[in-house]
Amino acid sequence: YNMARWYDLATEEDTEKILKARRPEVELIFTGRNAPKDILDAADLITEMKKIRHYYDKGVPVRIGIEN
């Protein structure tokens, strides 16, 4: 979702609608880089992942529908 915001495929208003529409017992997970400030401000949990090792480093190609 964060990348959809980054590329202007979703708006801050879209995010507000999603957040307001969810039931209290539902957890929302927004994934991707470049999370905008409004999402970070609304988040209860923020995690940043760091690559330690990746199979790309051994020449494994991109999997269509997964990484591409």
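1. Let's start with Arg5, which is found in helix α1, residues 2-6. Bear in mind throughout that this is a predicted model. Arg5 has a relative accessibility of 13%, so it counts as buried, the cut-off for that being under 20%. Outside its neighbours within four places in sequence, Arg5 is in contact with Ala10, Thr11, Glu12, Thr15, Pro36, Asp38 and Ile39.

2. One of those contacts deserves its own point: the side chains of Arg5 and Asp38 meet in a salt bridge, at 2.8 Å from N to O. Because Arg5 lies in helix α1 and Asp38 in helix α3, the pair ties together parts that are 33 residues apart in sequence.

3. Asn2 is found in helix α1 too, and it is buried, with a relative accessible area of 3%. Not counting residues up to four places away in sequence, Asn2 touches Phe30, Thr31, Gly32, Arg33, Asn34, Ala35, Pro36 and Ile39. Pro36 and Ile39 are worth a click, as they turn up in the contacts of Arg5 and in those of Asn2.

4. On to the other charge pairs: a search of the whole structure finds four salt bridges. Among them, Lys37 pairs with Asp41, the closest N and O atoms being 2.7 Å apart. Both residues lie in helix α3, four residues apart, which is about one turn of the helix. Lys37 is exposed at 60% relative accessibility, and Asp41 is exposed at 54%.

5. Arg23 forms a salt bridge with Glu25, again with the closest N and O atoms 2.7 Å apart. Arg23 is exposed, with a relative accessible area of 52%, and so is Glu25, at 57%. Contrast that with Arg5, which is buried at 13%.

6. If you're after pockets, the largest one holds about 920 Å³ of space. It is lined by 22 residues, and Leu28, Ile29, Phe30, Leu45 and Ile46 lie nearest its centre. Helix α3 supplies the largest share of the lining, three residues. Phe30, by the way, is one of the residues that Asn2 touches.

7. What sits on the surface? Tyr55, Tyr56, Val60 and Val62 form a nonpolar patch there, with about 310 Å² of accessible area together. Val60 is in the segment after α3, the helix of residues 37-42, and counts as partly exposed at 36% relative accessibility.

8. Last, Asp8: its place is in the loop between α1 and α2, and it is exposed, with a relative accessible area of 65%. Asp8 and Ile52 are 44 residues apart in sequence and 30 Å apart in space, C-alpha to C-alpha.

How values were computed. Residues are numbered from 1 along each chain as its sequence is written. This is a predicted model: local features need pLDDT of at least 70, side-chain atom pairs count only at pLDDT 80 or more; totals for chains, interfaces and linings use all residues. Side-chain values use heavy atoms; hydrogens and water are left out. Patches are made of residues with over 30% relative accessible area and no salt bridge: like charges are joined within 9 Å, nonpolar side chains (Val, Leu, Ile, Met, Phe, Trp, Tyr) within 5 Å. Accessible areas come from the Shrake-Rupley method with a 1.4 Å probe; for residues, only the protein chains shown count as cover. Helices (H or I, at least four residues) and strands (E, at least two) are DSSP runs, numbered from the N terminus. Buried means under 20% relative accessible area, exposed over 50%, partly exposed in between (1.4 Å probe, protein chains only). Contact means heavy atoms within 4.5 Å. On a 1 Å grid over the protein atoms alone, a cavity is a set of points where a 1.4 Å probe fits but cannot get out, and a pocket is an open set with protein on both sides within 12 Å along at least five of seven lines; lining residues have an atom within 4 Å of a point. Grid points are joined across faces, edges and corners, and a volume is the space filled by probe spheres set on the points.
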